[in-house]
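Colleague: I'd like to go through this one with you and ask where the labels come from. Can you put it on the screen?

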Amino acid sequence: MKEIIFATNNAHKLSEVQVILGEGVRLVTLRECGITEDIPENEPTLEGNALAKARYVHGRTGRDCFADDTGLEVDALGGAPGVHSARYATDGHDFAANNRLLLRNLEGCADRSAHFRTVVALILDGREYLFEGRVDGRIVESESGDGGFGYDPLFMPDGFDRTFAQMDGDEKNSVSHRGRAVRKLAGFLSETGK
Ligand code: IMP
C-alpha cells in the first residue's frame, strides 16, 4: 500500500483526508515520523505556506509527503482572515475567539459572501505539485451546529441551508475546499499509479 506523510497535527483533517484518499493510501502522521516541533508557516500566501510545510517534512524525512494550507477569504473584509485564518483573533488556534472576531467585524454588513480556499502541496519522488480547491458561500449571523472545526459553525456553502458544522463529514467533504483539493490530489496519485 502507498504510504504518504500528511503534514498536519489536526486529527479532524487527517480523518477527512483519509476518507477521500481511500484504502489504497495510508496516511502517515507527523508523530509517526518523529516530527513533534511546530512547522514554520510564515509565508504571505497559502501556496507559499503549503509548499514550505511540504519542503520541511521532505527535508526531514526524504519521503513522499503533502501539506495543505487553508484560508477563509471574506469579500467584505478584503479577503481577511485569509492566510491568517488560524491566528485571526489570538496567537493560538482559538476557534471560538476567531469566530467571535469574525462576527464582530461583519456586524451590520449586508455582504456576507466568503469562500474557503485550500492549497495542497505534494512532493512526490522529489518533484513538487500544487492542487487547489475552493468553496463559495456566506458567513451566517450566529454560530450553528457543533460538527467540524474552525469557522464551520459560521460558514454556509452556496446551495445549502445548513452550515458546515451541521453536516456530517461525508457531506462536508463532498463540497468542501479541502475535499475538492484532495480529490484532485487523489486523481493525480491514481493517474500516476503512485
Ligand atoms: P489550515 O491551514 O488548514 O490549518 O487552516 C487554517 C485555519 O483555517 C484553521 O485554523 C481554521 O481556523 C480554518 N479552517 C481550515 N479548514 C477549515 C474547515 O474545513 N472548516 C473551518 N475552518 C477551517
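Modeller: Here is a predicted model, and we can take your questions on buried residues, salt bridges and the ligand in turn.

Colleague: Let's begin with Lys53. Why is Lys53 called buried?

Modeller: Buried means under 20% relative accessible area. Lys53 has 7% relative accessibility, so Lys53 counts as buried. You'll find Lys53 in helix α2, residues 46–61. Leaving out residues up to four places away in sequence, Lys53 touches Ile39, Pro40, Glu41, Ala67, Asp68 and Asp69.

Colleague: And what makes Val119 buried or exposed?

Modeller: Set against that cut-off of under 20%, Val119 is at 1% relative accessibility and therefore counts as buried. Val119 sits in strand β5. With neighbours within four places in sequence set aside, the contacts of Val119 include Leu46, Ala50, Asp68, Leu130 and Glu132. Also, the C-alpha atoms of Val119 and Arg178 are 8.0 Å apart, although 59 residues separate the two along the chain.

Colleague: On to charges. How do you know that Glu3 forms a salt bridge with Arg26?

Modeller: A salt bridge needs a side-chain nitrogen of Lys or Arg within 4 Å of a carboxyl oxygen of Asp or Glu. For Glu3 and Arg26 the closest N and O atoms are 3.0 Å apart, and the pair forms a salt bridge. This pair links distant parts of the chain, with Glu3 in strand β1 and Arg26 in strand β2, 23 residues apart.

Colleague: What are Glu3 and Arg26 called in terms of accessibility?

Modeller: Partly exposed is the range between the buried cut-off, under 20%, and the exposed one, over 50%. Glu3 has 37% relative accessibility, so Glu3 counts as partly exposed. Arg26, with a relative accessible area of 30%, is partly exposed too.

Colleague: What makes Asp68 and Arg178 a salt bridge?

Modeller: The closest N and O atoms of Asp68 and Arg178 are 3.9 Å apart, and the cut-off is within 4 Å. Asp68 lies in strand β3 and Arg178 in helix α5, so the pair ties together parts that are 110 residues apart in sequence. Both Asp68 and Arg178 are buried. The two also belong to a network of salt bridges that links Lys13, Glu16, Asp68, Asp152, Lys172 and Arg178.

Colleague: How do you know that Arg117 forms a salt bridge with Glu132?

Modeller: The closest N and O atoms of Arg117 and Glu132 are 2.9 Å apart, which is within the 4 Å cut-off. Arg117 is in strand β5 and Glu132 in strand β6, so the pair ties together parts that are 15 residues apart in sequence. Arg117 is buried because its relative accessible area is 14%, while Glu132 is partly exposed at 34%. The whole structure has 20 salt bridges.

Colleague: Last topic, the ligand. What makes the pair of Asp152 and the ligand a polar contact?

Modeller: A polar contact is a pair of N or O atoms within 3.5 Å. A polar side-chain atom of Asp152 is 2.6 Å from a nitrogen atom of the ligand. Tyr151 has a backbone N or O atom 3.1 Å from a ligand nitrogen atom, and a polar backbone atom of Thr70 is 2.9 Å from a ligand oxygen atom. The protein covers 94% of the 470 Å² of accessible area that the ligand has on its own.

Colleague: Which residues come nearest to the ligand?

Modeller: Of the 16 residues around the ligand, the nearest are Lys13, Asp69, Asp152, Lys172 and Arg178.

Terms used:
Residues numbered from 1 in each chain as written. Predicted model: local features only at pLDDT ≥ 70, side-chain atom pairs only at ≥ 80, totals over all residues. Heavy atoms only, no water. Helix = DSSP H or I, 4+ residues; strand = E, 2+ residues; numbered from the N terminus. Buried < 20%, exposed > 50% of the residue type's maximum accessible area, 1.4 Å probe, protein only. Contact = heavy atoms within 4.5 Å. Near = heavy atom within 4 Å. Polar contact = N/O pair within 3.5 Å; in protein donor to acceptor, adjacent residues only side chain to side chain. Areas by Shrake-Rupley, 256 points an atom, 1.4 Å probe, with all protein chains shown as cover.
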